[in-house]
Structures are given as C-alpha cells and as structure tokens.
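Trainee: Could you pick one part of this model and take me through it closely? I'd like to see how the pieces around it fit together.

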Amino acid sequence: YIHDHSKPDWARIRHRMKKVKGLKITDYDREIIPQSDGSDDKNAASAIIEMAAEQCSYIHDLDGEAYALLTVENVRQCHRLESKAYTEWLSYQYYTSESTAPSDTSIKAAVAAMTGKAKFEGEQHEVFTRIAKHDGAYWLDLCNDQWQAIRITPQGWQVIDNPRVICVRGASMRPLPMPIQGEGNLSALWQMANIPEADRLMVVAWLLECLRPETPFVVLELSGEQGSAKSSTQSALRDLIDPNKSNLRTAPKQKDDVFISARNSHMVSFENLSHLSADYQDALCSLATGAGYATRTLYTTTDETTIELKKPIVLNGIATVVTAHDLLDRTVHLDLPMLQSVSTEAALGDYWQANHAAAFTGLLDTFSRVLAKLDTVDL
C-alpha cells in the first residue's frame, strides 16, 4: 500500500530495512513491488541512486560535464560520473549492501539519472586536472589516496589536506612524492636527466611553466643518438610534474587521438618519434597554446562533443621532428650528449627512489622564489 501511494515514504522505509541484518532488500522488493511496476534493473538502479546520495553530491563544470563529489572518511574525492573509478565504487556499494552484483543496465541507468541531477540541480564549479590557479595561489594535486594538494605562493608552499580547488584524476595518473620542508635538492635531478649544464636553467624554466595554467605551455623536444638517455631523461622530468602509469608513450597514429589522450592527464609525453606530419604538428601547437577539439558524439547523428585543452608537451627522437614554423616558435629544442658512463636501470631506479622527493621539493622551493620575483620581470 505504501509503495503504491507514497513513493517518498516507501523510500524511507526501504532505507531503514536495508540496515536489518540478514534481510536481502532486493528479494523483499520482488515481493512488494509488482512485476509490472518495474524490473529488477529498475529497482537496483533506484537503490544505487539512494545509496550514492548518502555520500555524494553532484556538480557540473563550465562545459556542463557532470561530476560526483564523494566523501570517504572525511576525504573529498572528485570523479567523472562515467569514469571507471566511480562506477566501480557504485558497484561495490551495492554489493556490500545487497550481497549481489548490479547489472550493467542498472549502473548505466543510475549514472544517467545522476548526470541529469548534476547538470540541472548541481552547482557549477571549475574542475582542474593536476594543476590550478585559484585565489592568487598555485595548486598542485599530489594524486595520493588522501587527495591532498600543494598550495604554492611567493611566501612558500604547504601541503593542504582538504584543498579548496576541485581536481579530477585520470586512471593512469600516479602520485607525486610527499615534499619535505627544508630538504629540497633540485640538483639531484641531473643524475637522472642527461641535460648539458648550459641548458639546465632552461629546463628548470620549462618545468616551472608546466605548473602555470594561465600561460601558453612550451613544447620541449629532446634529440640525441642512441645511448644519450633521452627516454630516462624525459621520464624523470615528467616524474616532477605529472607522474603516469606510462610516462612515455608512442604517439597515436591519428592526431585526433592526441586530444583524447591529453584529456586524461596533465602532460603529453611521446617518445621515439621519427616524423610528424604537418597536421600532427598543427594539433600539438594548438594543444600547447589552448584549443578546442570537436567530434561527433558516439551513437548519435548530429550531436557534437567538444574538448577544450591546454597541455605541456615533451617529445623525443633521434632526429629533429619539429619542423612547422608555428610549432617551432613554441618549442625548446635540446640536443643530449652521449653518456660518458652508464649505470644499470636498477641502480638508477634505486637512486631516483631515494632522491625523487628531494628533487621535487627543490622544484617547489624554486617555484615559490620565482613567483616572488616574477612581477619584477620586464620582457
């Protein structure tokens, strides 16, 4: 009777019943709710929406993309509603409550409803990936399990437990090391990065620019013969800004795929390049300075999906691959010398594990000092 005449009352009773040990709520639903009223998938979707509402709020960004703000043990997380991480969390919550796995149909139905709620009822917020500038400070997402971020100002930097900025993460992004005040040593980088001494200041400037979202980014091109440590140098540089499950990737065959790949991390990093077409170089140029990419939405005829991105880029290859004038104007090209002595991969790994945090701390110290001087620079 209650189900038929008052859906809100039924939802409240059902919520209390879920807490009764030994009671499988989905079986009870089948007894109470007539089959014609909805399938198991419909009931499961409703239960998923109800469970998620207890821990989540929903927002959308300036482009209308929907996100869930999930609070777990007083730590706020941000997930795209259709991301694998969020749908897996929904599946787990349902399983722990009902002792059975939800179907893909029920998950999709629940996410669709949440998306509508986020777009039409949720607040609008700016959502960032890895870096942000907010309230006069720069922010760097550590991407750790505590969802901490570093706030950087001309006065210094500090690790913030519950940052004001909202950052979202791609599945392949990895955490930065925890910096330690007073233990910075940026010079530790040069044991890992085979950069000539005359070019090191330029590389530090490039690294710092990777942390400034308000400016166009600079493309870094590393060239050198086999045995000049191009890949390990590139990987170490990325480890200080945007560590990834795959720090180095082969360039996608289609230039359109560059934008899809760039959406899921902060830095674009391609290795072992031998040639870049003119169209491909135009795409990289647009990505470094900021551009929108549009394509037809999947499974639709006329709908369009637009992605607007601006990302730092690092490339390497034996030969110079940046030849287009527009991209050349935005590229720092470095020739890496042949190594005079060679260390084993295991020895390099041990060294970087011991010194990664110190090098990262040194970069933060340098960034703060540079911000204090930046206003006095006259170009």
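Mentor: Happy to! One convention first: Ala, Val, Leu, Ile, Met, Phe, Trp, Tyr, Cys and Pro count as nonpolar, Asp, Glu, Lys and Arg as charged, and the others, Gly among them, as polar. Please also keep in mind that this is a predicted model.

Let's start at the second largest cavity, which holds about 60 Å³ of space. Its lining is made up of Arg238, Arg249, Ser261, Ala262, Ser265, Met267, Val268, Ser269 and Phe270. By class, that lining divides into four nonpolar, three polar and two charged residues. Helix H9 and strand S12 each supply at least two of the lining residues, and S12 gives the most, with three.

Now look at the helix. H9 covers residues 255-262, and Val258, Phe259 and Ala262 are buried there. Viewed down the axis of H9, the buried residues fall within an arc of 95 degrees, so they line one face of the helix. Ala262 is thus a handy landmark, because it belongs to the buried set of H9 and also to the lining of the second largest cavity.

Moving on along the chain, the loop between H9 and S12 contains histidine 266. Is histidine 266 buried or exposed? Histidine 266 is buried, with a relative accessible area of 2%, and the cut-off for that word is under 20%. A polar atom of the histidine 266 side chain lies 2.8 Å from the backbone oxygen of cysteine 210.

Next comes S12 itself, residues 268-270. S12 runs parallel to strand S15, and three bridges join them. Within that pairing, valine 268 stands opposite isoleucine 313 of S15. Val268 is also one of the residues lining the second largest cavity, so you can follow a path from the cavity to the neighbouring strand through this residue.

S15 deserves a pause. Five of the five residues of this strand, 313-317, are buried, so S15 is largely enclosed by the rest of the structure. Both faces are covered: Ile313, Leu315 and Gly317 are buried on one side, and Val314 and Asn316 on the other. S15 also pairs with strand S11 (residues 219-223) in the parallel sense, over five bridges. There, leucine 315 is the bridge partner of glutamate 221.

Past S12, the chain enters a loop that leads to helix H10 (278-289), and serine 274 sits in that loop. Serine 274 counts as exposed, at 65% relative accessibility. Its C-alpha is 7.8 Å from that of threonine 320, although the two are 46 residues apart in sequence.

For context, the model has three cavities of 30 Å³ or more. The largest of them holds about 110 Å³ of space. Of the 13 residues that line the largest cavity, Arg76, Trp147, Pro163, Val165 and Cys167 are the closest to its centre. That lining comprises eight nonpolar, two polar and three charged residues, and strand S3 gives the most to it, with four.

To retrace the tour, look first at the cavity lined in part by H9 and S12, then at buried histidine 266 in the loop between those two elements, and finally at S12 running parallel to S15.

Definitions and conventions:
Residues are numbered from 1 along each chain as its sequence is written. This is a predicted model: local features need pLDDT of at least 70, side-chain atom pairs count only at pLDDT 80 or more; totals for chains, interfaces and linings use all residues. Side-chain values use heavy atoms; hydrogens and water are left out. Buried means under 20% relative accessible area, exposed over 50%, partly exposed in between (1.4 Å probe, protein chains only). Two strands pair if DSSP finds at least two bridges between them. The arc is that of the directions from the helix axis to the C-beta atoms. A polar contact is a pair of N or O atoms within 3.5 Å; within protein, one must be able to donate a hydrogen and the other to accept it, and residues adjacent in sequence count only if both atoms are side-chain atoms. On a 1 Å grid over the protein atoms alone, a cavity is a set of points where a 1.4 Å probe fits but cannot get out, and a pocket is an open set with protein on both sides within 12 Å along at least five of seven lines; lining residues have an atom within 4 Å of a point. Grid points are joined across faces, edges and corners, and a volume is the space filled by probe spheres set on the points.
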